[in-house]
Amino acid sequence: MVNIIGVRFKKPGKIYFFDPNGNNIEKGSFVIVETSMGKEFGEVVVPNRTIPDEKLEKPLKKIIRVATNKDKKQYEENKKKEQEALKVCEKKIKEHKLNMTLTDVEYKFDRSKLLFYFSADGRIDFRDLVKDLAAIFKTRIELRQIGVRDEVKKLRW
């Protein structure tokens with residue numbers, strides 16, 4: 001049997017399982033975890049639970065720590081910066097006359113990367129846009145084209 005917790009990173013989003021690393025973590029708590037995309041801030045939606053080993057596909061990553069007030073503050077700052085980045089990127093898309101619709105912006109927790117999600121009909125040459133955004137935000141920039149179904153999930157209401 002393995003002890004796990006379930007963590008969600010976005011409200012309408014998938015639940016990922018992590019090793020609580022010996023901590024007893026309650027539902028609604030926030031944690032910092034290591035993912036394939038780097039450090040992430042997430043909410044515990046499944047508290048400590050034991051499940052059979054055979055139900056897990058691969059070894060679980062351990063949580064780094066329960067989120068501190070400083071972590072929560074940084075997460076909130078990232079959300080504000082995402083809104084600013086959205087406005088700047090939309091302005092730059094118009095300047096470059098690109099036929100694309102920006103749907104979401106996401107800062108990685110440690111601000112090592114800024115992801116812009118967009119939809120477009122066909123391929124878009126956005127190399128100049130990426131250069132402009134990298135000069136403005138001074139971090140790694142990634143633009144990801146998403147399909148119509150994904151666009152509905154990403155839209156901010």
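Is Glu 142 buried or exposed? Keep that puzzle in mind as you explore this predicted model; we will get to the answer by way of the strands around it.

**Stop 1: the sheet.** Select strands E6, E7 and E8, which form an open sheet in exactly that order, with mixed pairing. Now look at the edges: strand E6 (101-107) and strand E8 (140-145) each pair on one side only. Ignoring direction, neighbouring strands in this sheet are turned by 20 degrees against each other on average.

**Stop 2: a parallel pair.** Next, select residues 113-119, which make up strand E7; this strand pairs with E8 in the parallel sense, over 6 bridges. To find your place along the pair, pick Lys 113 and look across to Arg 140 in E8, which stands opposite.

**Stop 3: the helices.** Add residues 69-95 to your selection. This is helix H1, lying across E6 and E7 and running at about 145 degrees to E6. Then add residues 127-137, helix H2, which lies across E6, E7 and E8 and runs at about 140 degrees to E8.

**Stop 4: Glu 142.** Return to strand E8 and select Glu 142, one of its residues. Here is the answer to our opening puzzle: Glu 142 is buried, because its relative accessible area is 19% and the cut-off for buried is under 20%. Show its side chain and you will find a polar contact with the side chain of Arg 144, at 2.8 Å. Finally, highlight Lys 113, Leu 114, Leu 115 and Phe 116: leaving aside neighbours within four places in sequence, these are the residues in contact with Glu 142.

Notes. Residues are numbered from 1 along each chain as its sequence is written. This is a predicted model: local features need pLDDT of at least 70, side-chain atom pairs count only at pLDDT 80 or more; totals for chains, interfaces and linings use all residues. Side-chain values use heavy atoms; hydrogens and water are left out. Two strands pair if DSSP finds at least two bridges between them. Helices (H or I, at least four residues) and strands (E, at least two) are DSSP runs, numbered from the N terminus. Axes are lines fitted to C-alpha atoms, for helices over the stretch in contact, and angles run from 0 to 180 degrees between N-to-C directions. Contact means heavy atoms within 4.5 Å. Buried means under 20% relative accessible area, exposed over 50%, partly exposed in between (1.4 Å probe, protein chains only). A polar contact is a pair of N or O atoms within 3.5 Å; within protein, one must be able to donate a hydrogen and the other to accept it, and residues adjacent in sequence count only if both atoms are side-chain atoms.
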